[in-house]
Amino acid sequence: MPQAELQIGKMDWQGEDARLTALAATGILDSAPEPSFDAITRLTAEYFKADTVLLDFADESRVWIKSYWGEPVRELPRKQSVFEMVLAEDGPVVVPDVSKHPDIAGDRLTIRRLEVASFASAPVRSGEGSILGTLTVLGCQPRRGMAVEELRMLESLAEIVTSQLELRRMRKTFLNYCARHTHPAETVAGMWPSKSDLRRALDKRQFVLYYQPEVELSTRRIVGLEALIRWQHPERGLIPPMDFIPVAEETGLILPIGDWGLSEACSQIRRWSRENPDCAAPRVCVNLSASQFAREGLADHVEALLRQSGVSSRLLGLEMTESSLISDHGTALEVLGSLRRLGVSLRMDDFGTGYSSLNHLHSLPFDVLKIDRSFVMRMTGGDQPLQIVRTIVELARVLGMDVVAEGIETHEQYSLLRQLGCRFGQGFLFSPPVPAEAIREMLHLPGRILPSLEVCEAAPAGAAS
């Protein structure tokens, strides 16, 4: 848009009811402070060398500041605010020199005690496109303007906020759906499986690991594997993890089941190494539950398993979601530091689906982040999801991290990810999770390069978890 050709007060209020409904659906105004928002304002301030950065959401009359960097600001009147300007333009607003524009100079622009000479603001939208708030960069001195790539970065950072709001809404919708569709028979008779069912499965060694290849996108070469647990039930068949892991977490059996999975992965790495001593076994990545991560002595346990199996630490990766990290940042840093000293790869799984992604990414010693499949799935549906993936890849590059895109199912997704500079990926386009025997055959392919890509059916629910 042309910089600074603006009019306050010229605003289209059509759709305001829909905007307020979308705002209420997020529950954001009633939420506690969230570290990820502070990470966004901090990164924005560092990138633009700003004096103040504000992240806000507006209801009927007020602009609520959910995070700021610089001058403390908590709440603003909505009238004659930057939010109204962005809403009127239905897009970003850039004013390099406030003094040259009498319509917005002096008291007409409400920023409270701040002496504002220049600003740029990008909209934070709902999933349907309604403007819920803004991410605004404020300067005490006039600026030369804003280059196209700078404006795109500001919009990208605002879109990361949008993605987190959308995931918040999706969680609420999913939980409400589950509550409405609980089967009465299960409620009366007790849900399956019970704790005793899981204990019996563990004792009878009914759990198995499937493995999904992680490939280098430019060559289709297998560079690693993700270990995924399944339950081979003698009567019910192969049961996906979402059907029993929640019960395991509630009953406390997630610890022994998780320990079994970690031990089995190390044993399988050893078997592959012995079968093909002339070629190094691939790195296998195992998901850690919150209970495993919070347990005292995790690094000692992992080190003992590596010693017992004779497996090099560089062949083991540990994946954890940000929601599984210990809430005490200092303790989390200590645990991850201990694991890092062992030489294992540390990966943040499902990046972007929690409320503190950027905060953890910026400060904790992960070397790989995995872009959540929900972003990959939506990236071909419009510019906004695509820009979110582009921003994640770029942030990881700046921080010296590798990126793995999850849930690649189409050629279009594959092509776009390569264009964005994402090096690694996994998904049904390459291979679904398969038993160890099938992986053995893949490891004997020349160069471990998978054949030319074929269109694969979409993953059934829970199959890729």
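**Helix packing and sheets in a predicted model**

In helix 10, Leu298, Ala299, Val302 and Glu303 meet Val335, Ser338, Leu339 and Leu342 of helix 11, where contact means heavy atoms within 4.5 Å. Helices (H or I, at least four residues) and strands (E, at least two) are DSSP runs, numbered from the N terminus. This is a predicted model, in which local features need pLDDT of at least 70 and side-chain atom pairs count only at pLDDT 80 or more, while totals for chains, interfaces and linings use all residues. Residues are numbered from 1 along each chain as its sequence is written, and side-chain values use heavy atoms, with hydrogens and water left out.

The axes of helix 10 (residues 298-309) and helix 11 (residues 329-342) are 9 Å apart, and the two helices pack at an angle of about 20°. Axes are lines fitted to C-alpha atoms, for helices over the stretch in contact, and angles run from 0 to 180 degrees between N-to-C directions. Helix 10 and helix 11 are therefore roughly parallel to each other, a term for angles under 35 degrees. An α-helix has 3.6 residues a turn, so residues three or four places apart point the same way.

Strand 12 (residues 345-351) has pairings with strand 11 and strand 13. Two strands pair if DSSP finds at least two bridges between them. Strand 11 (residues 316-321) runs parallel to strand 12 and is joined to it by five bridges, with leucine 318 opposite leucine 346. Strand 13 (residues 368-371) also pairs with strand 12 in the parallel sense, over three bridges; here methionine 348 has leucine 369 as its bridge partner. Six of the seven residues of strand 12 are buried, that is, under 20% relative accessible area (exposed is over 50%, partly exposed in between; 1.4 Å probe, protein chains only).

Earlier in the sequence, six strands form an open sheet in the order 3-2-1-6-5-4, with antiparallel pairing. Strand 3 (75-77) and strand 4 (93-95) are at the edges with a single partner strand each, so one side of each has no neighbour in the sheet. From one strand to the next the twist averages 25°. At one edge, strand 2 (residues 62-69) and strand 3 are joined by three bridges, and valine 63 stands opposite leucine 76. At the other, strand 4 pairs with strand 5 over three bridges, with valine 93 opposite serine 121. Strand 5 and strand 6 pair over eight bridges, one of which sets valine 124 against glycine 133. These two strands form a hairpin with five residues between them, and glycine 129 in the turn has a positive phi of about 105°. Eight of the eight residues of strand 5 are buried.

Two helices lie on this sheet. Helix 2 (residues 35-48) lies across strand 1, strand 2 and strand 6, at about 70° to strand 2. Helix 3 (residues 82-89) touches strand 1, strand 2, strand 4, strand 5 and strand 6, and its direction makes about 120° with that of strand 6. Six of the eight residues of helix 3 are buried: Val82, Phe83, Glu84, Met85, Val86 and Leu87. Helix 1 (16-26) is among the elements against which these buried residues pack. Aspartate 90, which follows helix 3, has a positive phi near 55°.

Finally, the cysteines. A disulfide is a pair of cysteine sulfur atoms within 2.5 Å, and by this rule the count is zero. Cysteine 140 is partly exposed at 43% relative accessibility, and cysteine 279 is partly exposed at 32%.

How values were computed:
Parallel < 35°, antiparallel > 145°, perpendicular 65-115°, else oblique.
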